[in-house]
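Here is a friendly walk through one protein chain. Have a look at the picture first, then read on.

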Amino acid sequence: MSDDSFIREVNQEYRQAQARALWDRYGPIGLAIAVAVVLGTAAWVGYDYWQTSKANTSGDAFSQALALANGGKQDEALAALDRLEADGYGAYPLLARLRAATVLADKGDFSGAVTEFDAVAADTSIPQAIRDMARLRAGYVLVDNGSYQDVSSRVEVLADETNPLRHSAREALGLSAWKEGKAKDALAFFDQINGDETAPRNTRDRASLMAELIRGSGAAS
């Protein structure tokens, strides 16, 4: 055997001995880590699939409830939305609550609709933006089915200069004030909308029309 061959064999034996020593020392730990990674990945994939499946199921149920409502089957839609509120996943229970309130209003149960919107607005576990929207929706229902005080108690806080819903809140207040004979107050709200360049064009157009109507009637003189 040549010297080179001998050296290669010695080096190979040395490397094998090192590998065995490393395996004896760290092999079980490495194997445990590998198993943990595989199991963790499998658990995450399974959980993600479970979440996606539940979300898809709730989404389908919500779409079916909307179809019932749009088809005039309001009682059936309310029953479906109640089930979704109780058993739904993710954001769908909250969407079901809001839609149920709308269905009640469409059905003519304005008191029930306002009660549902008020419940959402009072629920501190819900994001503030959605609670504010529920306040506004209750206010709009009450424009034709309540007093100015009823509307104001819900939406006046939204009419602040910094609130993104201020234009709609002012419109609701203006309409309610006009309906109750408070022409000067109504005109002030509509002028506020007209004077705010950030107001949506359609909202400003309606406010302009109402302001002209009030001025033309002479009621605000």
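## A charged network to start with

Let's begin with four charged residues: E161, R166, R170 and D196 are linked in a network of salt bridges. Keep in mind that what you are looking at is a predicted model. As background, side chains of opposite charge can pair when their charged atoms come close.

Take one pair from that network. R166 and D196 form a salt bridge, with their closest N and O atoms 3.0 Å apart. Because D196 sits in the loop between α8 and α9 while R166 belongs to helix α7, this pair ties together parts that are 30 residues apart in sequence. Both partners are tucked away: D196 is buried at a relative accessible area of 11%, and R166 is buried too, at 12%.

## The chain as a whole

Time to step back. The chain has nine helices and zero strands, so reading from the N terminus you meet α-α-α-α-α-α-α-α-α, given that helices are numbered in that direction. Of the 221 residues, 33% are buried.

How much of the contact count comes from residues 24 or more positions apart? Looking at contacts with a separation of 6 or more, such pairs account for 47%. As for salt bridges, a search of the whole structure turns up ten.

## R170 and its neighbours

Back to another member of the network, R170, which lies in helix α7, covering residues 166-179. Is R170 buried or exposed? R170 counts as buried because its relative accessibility is 1%, and the cut-off for buried is under 20%.

Leaving aside residues up to four places away in sequence, R170 touches A159, D160, E161, F189, Q192, I193 and D196. Two of those names, E161 and D196, also belong to the salt-bridge network. A159 is eleven residues from R170 in sequence, and their C-alpha atoms are 5.7 Å apart in space.

## E171, next on the same helix

E171 lies in helix α7 as well. This residue is buried, with a relative accessible area of 6%. Which residues does E171 touch, not counting those up to four places away in sequence? They are Y140, F190, I193, T203 and R206.

With R206 there is something extra: a polar contact of 2.6 Å joins the side chains of E171 and R206. You can also trace a line from E171 to A186, which is 15 residues away in sequence and 8.7 Å away in space, C-alpha to C-alpha.

## Where α8 meets α9

Now for a pair of helices. In general, two packed helices are described by the angle between their axes and the distance between the axes. Helix α8 spans residues 183-194 and helix α9 spans residues 201-217; their axes come within 8 Å and cross at roughly 145 degrees. The crossing of α8 and α9 is left-handed. On the α8 side, the contact is made by A183, A186, L187, F190, D191, I193 and N194. On the α9 side, the residues are T203, R204, A207, S208, M210, A211, I214 and R215. Sorted by type, the residues of this contact come out as nine nonpolar, three polar and three charged.

Two residues of that contact, D191 and R215, also form a salt bridge, with the closest N and O atoms 2.7 Å apart. R215 is in helix α9 and D191 in helix α8, so the pair ties together parts that are 24 residues apart in sequence. Here both partners are partly exposed: R215 has 49% relative accessibility, and D191 has a relative accessible area of 30%.

## Two more spots to look at

Earlier in the chain, the side chains of R97 and E85 meet in a salt bridge of 4.0 Å, N to O. R97 lies in helix α3 (residues 92-107) and E85 in helix α2 (residues 74-87), so this pair ties together parts that are twelve residues apart in sequence. The two partners differ in burial: R97 is buried at 16% relative accessible area, whereas E85 is partly exposed at 34%.

Finally, find S152 in helix α6, which runs over residues 148-155. S152 counts as buried, at 8% relative accessibility. The side chain of S152 is joined to that of E156 by a polar contact of 3.0 Å.

Definitions and conventions: Residues numbered from 1 in each chain as written. Predicted model: local features only at pLDDT ≥ 70, side-chain atom pairs only at ≥ 80, totals over all residues. Heavy atoms only, no water. Axes fitted to C-alpha atoms, helices over the stretch in contact; angles between N-to-C directions. Helix = DSSP H or I, 4+ residues; strand = E, 2+ residues; numbered from the N terminus. Left-handed = near helix turned anticlockwise from the far one by under 90°. Contact = heavy atoms within 4.5 Å. Nonpolar A, V, L, I, M, F, W, Y, C, P; charged D, E, K, R; others polar. Buried < 20%, exposed > 50% of the residue type's maximum accessible area, 1.4 Å probe, protein only. Polar contact = N/O pair within 3.5 Å; in protein donor to acceptor, adjacent residues only side chain to side chain.
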